[in-house]
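Here is a short set of exercises to work through with the model open beside you. Try each task before you read its solution.

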Amino acid sequence: MIPNKKRLPHSLFLEFLKKGRVFHSPLLSFRVAPMKETGRYAVVVSKQVAKNAVTRNKLRRQGYYLFNKHIIKAFPHHTVILFIKKTIPFKELEKEFLSLMSRAGLAI
């Protein structure tokens, strides 16, 4: 997980949905916008993706882990929302995440 100060609060979440560039793939969607202050991050897993809360929370934790591993230190001034569209294994999630990162211009 990431610290609370790095997470995107609900009040900014709705505002941010109108901003930023969107990048899609069959498994994930990425919404990215550069920020002047520190970036914020959010992972969204719909109930339609995983009916079980345990599975949804596991996918959210995996998404936050990927933010921590690949984005937070390298791109601290970007706000990113990750939408997970399907339940997938972690290796496939990371591969798709890195692919979207490169398309969004966040590749290291």
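The exercises below go from the whole chain to single residues, and they all use a predicted model.

**Exercise 1. Work out the order of the helices and strands along the chain.**

Start with the inventory: the protein has three helices and four strands. Next, walk along the chain from the N terminus, and the elements come in the order α-β-β-β-α-β-α.

**Exercise 2. Check the radius of gyration against the rule for a compact globule.**

First take the chain length, which is 108 residues. For that length the rule puts a compact globule near 13 Å, and the protein has 13 Å, so the two agree. For the dimensions, the C-alpha atoms fill a box of roughly 35 × 30 × 25 Å along the principal axes. Then turn to contacts: among those with a separation of 6 or more, 81% join residues 24 or more positions apart. Finally, buried residues make up 44% of the 108.

**Exercise 3. Describe the surface and the charges of the protein.**

The accessible surface comes to about 6400 Å², and carbon and sulfur atoms hold 56% of that area. Now count charged side chains: 22 are positive and 5 are negative. The centres of these two sets lie 5 Å apart.

**Exercise 4. Test the length of helix α2, then find what its buried residues pack against.**

Helix α2 covers residues 53–71, which is 19 residues. At 1.5 Å a residue the expected span is 27 Å, and the end C-alpha atoms are 26 Å apart, so the helix agrees with expectation. Next, list the buried residues of α2, among them L59, G63, L66, F67 and H70. An α-helix has 3.6 residues a turn, so residues three or four places apart point the same way. The partners of the buried residues of α2 are β2 (28–34), β3 (41–45), β4 (78–84) and α3 (90–103).

**Exercise 5. Decide whether R60 and L106 are buried, partly exposed or exposed.**

Recall the cut-offs: buried is under 20% relative accessible area and exposed is over 50%. R60, in helix α2, has 26% and therefore counts as partly exposed. Leaving aside neighbours within four places in sequence, R60 is in contact with M1, V43 and V45. Its C-alpha lies 9.5 Å from that of F83, 23 residues away in sequence.

L106 sits in the segment after α3. Its relative accessibility is 2%, so L106 counts as buried. Not counting residues up to four places away, L106 touches F30, V32, I71, F75, H78, V80 and M101.

Definitions and conventions
Residues are numbered from 1 along each chain as its sequence is written. This is a predicted model: local features need pLDDT of at least 70, side-chain atom pairs count only at pLDDT 80 or more; totals for chains, interfaces and linings use all residues. Side-chain values use heavy atoms; hydrogens and water are left out. Helices (H or I, at least four residues) and strands (E, at least two) are DSSP runs, numbered from the N terminus. The radius of gyration is taken over C-alpha atoms; the globule rule is 2.2 Å times the number of residues to the power 0.38. Buried means under 20% relative accessible area, exposed over 50%, partly exposed in between (1.4 Å probe, protein chains only). Contact means heavy atoms within 4.5 Å. Accessible areas come from the Shrake-Rupley method with a 1.4 Å probe; for residues, only the protein chains shown count as cover. Lys and Arg count as positive and Asp and Glu as negative; His and the chain ends are not counted. The place of a charge is taken as NZ of Lys, CZ of Arg, CG of Asp or CD of Glu. The expected span of a helix is 1.5 Å times one less than its number of residues.
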